[in-house]
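Student: Please take a close look at how one pair of helices packs here, and add a short note on the aromatic rings.

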Amino acid sequence: KIHLLLLPRHTAKQQHILPTTSKCRPPTMRRGNQTLPSSSRTGGGALQKPFIGTATWAILLVFSSLISFYAGVWTALAVAPSSLNECPDCRRSCLDAAEFGGGELGHSLEIITGRKIRKALETQCNAYESKKDSSHRFPDSVSHFANGLARVGHKELFDQYDFGVPMSDRAHKQDALILYDSQSSLPSDKNVAAQLNGEIPRLSAEDATENCDVMNAMFIENPARARSRQCLAIVGGQYQSYHIQRWMRLNSEEKPDANKPLQLVGRWRRNDGNDEFLYPKQRAIDMHQELLLTYLNHLKSTKQNLSEILKNIAINNTVIVVTANMGQSELLMNLICSSRRRGLDTKNLLVFPTDVHTKELAESLGLTTFYDDHLMRFIPKEESARYGDRTFALIMIAKVVCVQLVNELGYDLLFTDIDVVFYRDPMEYFRNPTLGNFDVYFQDDGSRQERYAPYSANSGMFAEFHLSTFWMMQSKQNISPRLEPYQQNQCYGRNGRKDSILFAATKGPKFCSVV
């Protein structure tokens, strides 16, 4: 510290005028009880002016203050560490204060942390309060078709509703998603199906659909043989198209290419890029047009002749329909002989032979036949060499024609290929009221190729009831996959017993129905 003494300048009036005669005594000053001569103050006989004036002292004061300030700053910089690394205990002290608290530093950290946590909580609470009333998982931009979401067990959903398609063998490990398009369609506890965040709630099939007046079901799969990055786009505000468009990234060679833009493709386009839709050749087109013209030109007389036969053989307005050519004659005999051996009545079984020789064979077995040369003259007599060859395809025409005619005349029917044998009366199964009100029952073909969509139906055996043909043409398809597959020519009922077998195929990888 610097102490400065400021002395005032003496004016002329303040100065003592000393006489010049020796008779005058100089003034004296006192210190306590002592009297000091004036010479002790002035060093001489006369009083002098101060050595430094007031302005000078002010300048010195300012200058010395600046020197003191910068000297202090320089000293602080000189003794402070250049980095935290030069103070190894500083970082540890800070971490200890944050973890264990205590001390001035710990107290400061507690205050700062508390403020930040409170601010974050206020932000979250404000966001919750603003959305609490709407209870929407989805934003308003999709509220015209998405207002809630719930999970339902895959198998439980199929047990609750018979969708008419085969159930996945992994269903017991999977869930299905139900999307609600309005607040009124949500389950009674709307907070369950429309919660703001967290896991999608899982409900029973009955609870999840309790307020659904209409339910649209969609079945999708990403085939394992060509696993791809598949997306599902749901576009609301359109119309009920009941159709799924397929888009893929393909190159000029129609092979998958992730660098190409998405383009619209046919539903028969597989994930590996192969198109399973085979365009018919002109020769096939001409043949089918001629066959169709022949069928339509003789339809009236054909129906009249067939109607008389059906009246005589139908049981409870139901007939069993088969078709065969000469190449399949052995299978036809096997079907009839095995059925009669088990005491099954073949009176209502009607054979549509494709040639005269097969007609005569069937009638020799005591069967009722209907043969029309106009319809069947296109069908070869020999058996097909392999699945899908030309002979096989033409025989398929006979299967379609005979079913359509019988059903249009007002009869229920069971169509079956002749490479099967019956163990019990098959119509007992289809007349079971517990099966539900279905128009068509198909076998599960087992193939999951796109060309078998949507029902993966196999035409080897199916039941079709009156008017279902026309309803199906109008997209009122009411189909059930009640017929279950079998492997290696063995059929077991749902209870695992062989005696519950209804019928079985005699060759080939076919499928069978069980009760």
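Tutor: What follows describes one helix pair and then the ring pairs.
The model is predicted, so to speak of local features requires pLDDT of at least 70, side-chain atom pairs count only at pLDDT 80 or more, and totals for chains, interfaces and linings use all residues. Residues are numbered from 1 along each chain as its sequence is written, and side-chain values use heavy atoms, without hydrogens and water.

Helices are DSSP runs of H or I with at least four residues, numbered from the N terminus. The axes of H8 (residues 282-297) and H13 (residues 390-408) come within 13 Å and cross at roughly 25 degrees; axes are lines fitted to C-alpha atoms over the stretch in contact, with angles from 0 to 180 degrees between N-to-C directions. H8 and H13 are therefore roughly parallel (angles under 35 degrees). The crossing of H8 with H13 is right-handed, that is, the near helix is turned clockwise from the far one by less than a right angle.

On the H8 side, Met287, His288, Leu291 and Tyr295 make contact (heavy atoms within 4.5 Å) with Arg390, Leu394, Ile397, Val401, Gln404 and Leu405 of H13. By class, this contact has seven nonpolar, two polar and one charged residues.

Rings of Phe, Tyr and Trp (its six-membered ring) pair if their centres lie within 6.5 Å, and the count is eleven aromatic pairs. Phe277 and Tyr279 form an edge-to-face pair (planes over 60 degrees apart), because their ring centres are 4.9 Å apart and their planes stand at 85 degrees. Ring pairs also join Phe158, Tyr161, Phe163 and Phe219 into a cluster.

Methods. Helix = DSSP H or I, 4+ residues; strand = E, 2+ residues; numbered from the N terminus. Parallel < 35°, antiparallel > 145°, perpendicular 65-115°, else oblique. Nonpolar A, V, L, I, M, F, W, Y, C, P; charged D, E, K, R; others polar. Phe/Tyr/Trp six-rings, centres within 6.5 Å; stacked < 30°, edge-to-face > 60°.
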